[in-house]
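Here is a friendly walk through one protein chain, written for someone who likes to have the model open while reading. Take a look at the structure first, and then we can go through it together.

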Amino acid sequence: MNRKMSIAGLSAAGLLALTACGGASDAADDPTGSELDATVAEAGSAFDLSDVCPATVVMQQDWQPEAEHGAMYNLVGSDYTIDTDAKSVTGSLVVDGVDTGVDIEVRPGGPNVGFQSVPALMYLDDDITLGAVNTDTAISGYETQPTIAVTSQMTVSPQILMWDPDTYPGATTIEEVVSQGAVVVTSGDVIPTLLAETTAFDLANSDTSYEGTPARFVSDTTITQQGFATAEPYIYENEIAEWGRPVAYQLLAEVGYNIYPEPLAVRADKLDELSDCLARLVPIMQQSQIDYLADPGPTNELIVELVEAYDLSWTYSLGVADFSAAAQVSEGIVTDDPASGVFGQFDPERMQAIVDTFVPLLEAQGLITVTDIDPTELYTNEFIDASISMEN
């Protein structure tokens with residue numbers, strides 16, 4: 001059970017890996033959907049992308065298909081084709097039953113792209129239109145692979161630290177657990193370093209050997225371990241027989257892990273070129289996340305189908321997908337921007353705080369050398385439709 005990690009959970013070597021991404025396509029032999037059932041967008045309308053966007057809008061994710069990526073997969077039309085060689089799905093880009101006149105291709109990240117960061121992939125492949133780039137990853141790529149986020153999809157990071165509620169009875173916060181000397185098991189140094197600054201955590205109790213498997217947590221109930229509020233609580237209780245009970249946890253966002261998780265970004269040198277496309281596409285992406293969470297079932301079925309078709313080490317059940325979609329709302333992971341009330345909009349003060357928090361952390365880990373980073377160069381609200389809100 002491997003899970004995607006932000007740059008906080010990756011080594012420098014993993015970030016710099018340059019493994020070839022995907023092989024030759026043989027889509028004719030792969031599963032396909034039905035005929036497209038959609039009306040054609042009126043020429044020049046908000047849903048008509050044919051005159052402003054690439055013929056195929058390519059979207060790059062940072063991990064294998066999962067419900068956290070629902071907004072992208074929600075736009076894949078019923079005429080989709082799954083390429084099991086390149087590990088991608090392509091279909092008409094459909095919004096609320098309207099064919100936009102272009103195709104969408106969604107590519108997963110993770111093992112099939114050599115665990116390369118999304119900015120690295122975007123600078124290797126000019127065809128990628130939008131990529132899901134965590135804010136800390138954008139800071140890491142600021143010097144050599146700069147990206148500009150154009151809309152947020154999840155507002156709060158779903159990353160957690162979890163612990164055994166029987167070993168730490170009554171504990172509801174990370175502070176309460178680490179103050180008792182619990183070892184914090186993560187896959188990188190940034191989270192422990194952050195915890196040492198924001199809680200009573202002693203860095204001597206840091207263990208960065210986490211590889212995404214449940215074995216350590218199941219066998220040693222004294223540790224606290226990183227995970228995701230959108231997955232591990234369900235998986236450990238329902239799919240890991242050796243555990244089979246609830247876990248306790250707290251969102252890392254509540255102790256300073258304030259990044260925007262997986263906002264959609266373009267290469268900085270392509271912003272002007274794509275501006276006409278983004279003016280129509282960004283509002284579509286804003287609304288797609290809201291629409292997906294209102295009715296996640298059909299998209300979740302596609303996500304699970306893709307995981308099975310790609311046949312990698314990743315396993316993902318419909319139960320996890322449904323849990324994730326519900327948790328994204330109940331845990332406050334997907335919300336309107338608190339500062340503006342607009343869904344998908346970036347808060348300038350928060351972006352400044354993210355830079356202030358993560359630049360010294362990433363510098364200390366040797367992941368960046370340039371530290372004079374202007375947060376306004378990491379994002380833009382230019383294309384946001386301010387009328388779009390989860391409350392509407």
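## A residue to start from

With a relative accessibility of 47%, Asn238 counts as partly exposed. This residue sits in helix 8, which covers residues 232-238. If you would like a feel for distance, find Thr147 as well: Asn238 and Thr147 are 91 residues apart in sequence, and their C-alpha atoms are 38 Å apart in space. Please keep in mind throughout that this is a predicted model.

## The chain as a whole

Let us step back to the overall fold. The chain has 12 helices and 13 strands. Its radius of gyration is 20 Å, close to the 21 Å that the globule rule gives for 392 residues, so the chain is as compact as a globular protein of that length. Along the principal axes, the C-alpha atoms fill a box of roughly 65 × 50 × 45 Å.

How much of the chain counts as buried? Of its 392 residues, 55% do. On the outside, the chain exposes about 15,000 Å², and 48% of that area is supplied by carbon and sulfur atoms.

The contacts tell us about the fold too. Among contacts in the chain with a separation of 6 or more, 77% are between residues 24 or more positions apart.

The charges are worth a glance as well. The chain carries 10 positive and 63 negative charges, and the mean positions of the two sets are 4 Å apart.

## The disulfide

How many disulfides does a search of the whole structure find? The search finds 1, and this disulfide joins Cys53 to Cys277 with an S to S distance of 2.0 Å. Cys53 lies in the loop between strand 1 (39-40) and strand 2 (56-60), while Cys277 belongs to helix 9 (residues 275-294), so the bond ties together parts that are 224 residues apart in sequence. As a reminder, a disulfide is a covalent bond between the sulfur atoms of two cysteines.

Are Cys53 and Cys277 buried or exposed? Both cysteines are buried. The torsion about their S-S bond is about 95°, so the disulfide is right-handed.

## Two buried residues and their neighbours

Strand 2 also holds Gln60. This residue is buried, with a relative accessible area of 2%. Leaving out residues up to four places away in sequence, Gln60 touches a set of residues that includes Met72, Arg107, Pro108, Val118, Leu121 and Ile128. Gly131 and Ala132 are also among the contacts of Gln60.

Those two residues turn up again around Pro263, whose contacts beyond four places in sequence include Gly131, Ala132, Val133, Asn134, Thr151 and Phe346. Pro263 is found in the loop between strand 12 (248-251) and strand 13 (264-267), and at 3% relative accessibility it counts as buried. Val133 makes a good landmark here: it is 130 residues from Pro263 along the chain, yet the C-alpha atoms of the two are separated by 5.7 Å.

## Two residues with positive phi

Next come two loop residues, neither of them a glycine, that have a positive phi: Asp96 and Phe115. The table puts them side by side.

| Residue | Phi | Place | Relative accessibility |
|---|---|---|---|
| Asp96 | near 50° | loop between strand 4 (88-95) and strand 5 (98-107) | 70% |
| Phe115 | about 60° | loop between strand 5 and helix 3 (118-124) | 45% |

By these values Asp96 is exposed, whereas Phe115 counts as partly exposed.

## A last stop in helix 12

Where is Glu363 placed? Glu363 is in helix 12, which covers residues 348-364. At 42% relative accessibility, Glu363 counts as partly exposed. Not counting residues up to four places away in sequence, Glu363 touches Ile368 and Thr371. Ser140 lies 223 residues from Glu363 along the chain, and the C-alpha atoms of this pair are separated by 9.1 Å.

How values were computed. Residues are numbered from 1 along each chain as its sequence is written. This is a predicted model: local features need pLDDT of at least 70, side-chain atom pairs count only at pLDDT 80 or more; totals for chains, interfaces and linings use all residues. Side-chain values use heavy atoms; hydrogens and water are left out. Helices (H or I, at least four residues) and strands (E, at least two) are DSSP runs, numbered from the N terminus. The radius of gyration is taken over C-alpha atoms; the globule rule is 2.2 Å times the number of residues to the power 0.38. Buried means under 20% relative accessible area, exposed over 50%, partly exposed in between (1.4 Å probe, protein chains only). Contact means heavy atoms within 4.5 Å. Accessible areas come from the Shrake-Rupley method with a 1.4 Å probe; for residues, only the protein chains shown count as cover. Lys and Arg count as positive and Asp and Glu as negative; His and the chain ends are not counted. The place of a charge is taken as NZ of Lys, CZ of Arg, CG of Asp or CD of Glu. A disulfide is a pair of cysteine sulfur atoms within 2.5 Å.
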